[in-house]
Every structure is written in C-alpha cells, then in structure tokens.
Amino acid sequence: MSSDLSASARRVQETLQKHGLDCQVVELPNSTRTAPEAAAAVGCHVAQIVKSLVFRGRHTDRPILVVASGANRVNERRLGELAGEPAEKASADFVRERTGFAIGGVPPLGHAEPLLTFIDEDLLQYDEIWAAAGTPHAVFCLTPQQLTQITKGEVTRIT
Ligand code: 5CA
C-alpha cells in the first residue's frame, strides 16, 4: 500500500500515477542503493536495473540524466558529444539540489526540474526493468516502453 511508503517513495508513486502508469513502488528490507544490490533484492539480472545517473554540463551547469543499464558504464566522451558540451559526474549535493532525490534513490522521473535525458539502448531488450523509486530501499518495475514514455529521453548508445 502506497500509504506505507516513506515520503520520497510515495512522491514517486504519486508521480507514476500522474503519468498514468500502473506501476507499484515497493520498499524492500534489503538495500537497493546500487545496481548489484537492487538486482539481488528483486531477483533480476543486473542489466535489468535502471541506473539514473546525473551528470553536470560543464559549460551550462545543467543537470543531464543518463538512464543506463546496470551492466553498463557511461562513456563520458560520448555523453559530451550527445549533450553538446563536456559532462562530468555530478556531486552528491548537486544531485540532491537539482533532482530532489539523494544518490542511491534517484528515480527516472519526478525530478525538481526537467532534465535533458539519454536512455541506454541496451535497456530496450528486456520485457521488464527495475528503477529506483526515491530511496535506497525503494524500486518499481516497468517496461522499456514506459521508461521512454515517462522520461521523454533519447534512446541511444551510452557506452
Ligand atoms: N538504487 C540504485 C539502483 S536503481 C541506484 O540508484 N543506482 S545508481 O547507479 O543509479 O546510483 C548510484 C550511482 O550514484 C553510482 O553508480 C555512482 O555513479 C553514483 N554515486 C555514488 N556516490 C556518488 C558520489 N559521492 N558522488 C557522485 N555520484 C555518486
């Protein structure tokens, strides 16, 4: 029941509903802070975990979201080409300020401001994927199609 969720996870559940998505946020006793932990907690392959990684555009100071498969490492040079400016991993403070969520729980939607978003094409091969839902113990299951719908990101190679 969403009323049992912590405040950040409830916020994500409400945002999912606003987008018309029938996805259920679940809060688990085990940590889902990292992709391997989340995969172990829900019993899926690490590649089916959606990492919501925040980068900072060095010229514009804007946040850039990369929604990556848990198995992949973002190629920052490629991201710079996609974003049209060099991009580097954001600090924990920057992530919290610009998304409204702390690292380890950053969801792919419902941020404090709209984020330029790139989606890892490798995520599209799965029927179901799992994303963070606001806290390092909360996740939800969705389809790659739902992910592209809610993030309005560009599907591309990010490695
Ligand atoms: N809940 C999980 C799976 S859905 C999750 O949020 N994984 S994650 O990969 O999207 O978020 C953790 C990521 O945050 C790490 O991969 C790392 O890239 C980044 N991170 C961790 N600590 C820091 C830090 N101190 N500063 C900047 N980024 C960090």
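Modeller: Before we start, Ala, Val, Leu, Ile, Met, Phe, Trp, Tyr, Cys and Pro count as nonpolar, Asp, Glu, Lys and Arg as charged, and the others, Gly among them, as polar. Keep in mind, too, that this is a predicted model.

Colleague: Thanks! How do the residues of the shell around the ligand divide by class?

Modeller: The ligand is surrounded by 15 residues, and Thr-32, Arg-33, Lys-89, Ala-90 and Gly-104 are the closest. Sorted by class, that shell comes to 7 nonpolar, 5 polar and 3 charged.

Colleague: Which pocket does the ligand sit in?

Modeller: One candidate is the second largest pocket, with about 150 Å³ of space. Another offers about 350 Å³, and its 22 lining residues include Arg-33 and Gly-104 among those nearest its centre. The ligand sits in the latter, the largest pocket.

Colleague: Which element gives the most residues to the shell around the ligand?

Modeller: Helix 2 (35-42), strand 2 (49-57) and strand 6 (129-132) each give two or more residues to the lining of the largest pocket. In that lining, 6 residues come from the top contributor, strand 2. For the ligand shell, the most again, 5 residues, come from strand 2.

Colleague: Which residue has a side-chain N or O atom 2.6 Å from an oxygen atom of the ligand?

Modeller: Two polar contacts use the backbone: a ligand nitrogen is 3.4 Å from a polar atom of Arg-33, and a ligand nitrogen is 2.8 Å from an N or O atom of Gly-104. The 2.6 Å side-chain contact to a ligand oxygen belongs to Lys-89.

Colleague: How much of the ligand's accessible area does the protein cover?

Modeller: On its own, the ligand has 610 Å² of accessible area. Of this, the protein covers 71%.

Terms used:
Residues are numbered from 1 along each chain as its sequence is written. This is a predicted model: local features need pLDDT of at least 70, side-chain atom pairs count only at pLDDT 80 or more; totals for chains, interfaces and linings use all residues. Side-chain values use heavy atoms; hydrogens and water are left out. On a 1 Å grid over the protein atoms alone, a cavity is a set of points where a 1.4 Å probe fits but cannot get out, and a pocket is an open set with protein on both sides within 12 Å along at least five of seven lines; lining residues have an atom within 4 Å of a point. Grid points are joined across faces, edges and corners, and a volume is the space filled by probe spheres set on the points. Helices (H or I, at least four residues) and strands (E, at least two) are DSSP runs, numbered from the N terminus. A residue is near a molecule or strand if one of its heavy atoms lies within 4 Å of it. A polar contact is a pair of N or O atoms within 3.5 Å; within protein, one must be able to donate a hydrogen and the other to accept it, and residues adjacent in sequence count only if both atoms are side-chain atoms. Accessible areas come from the Shrake-Rupley method with a 1.4 Å probe; for residues, only the protein chains shown count as cover. A molecule sits in a cavity or pocket if more than half of its atoms lie within 2 Å of its grid points.
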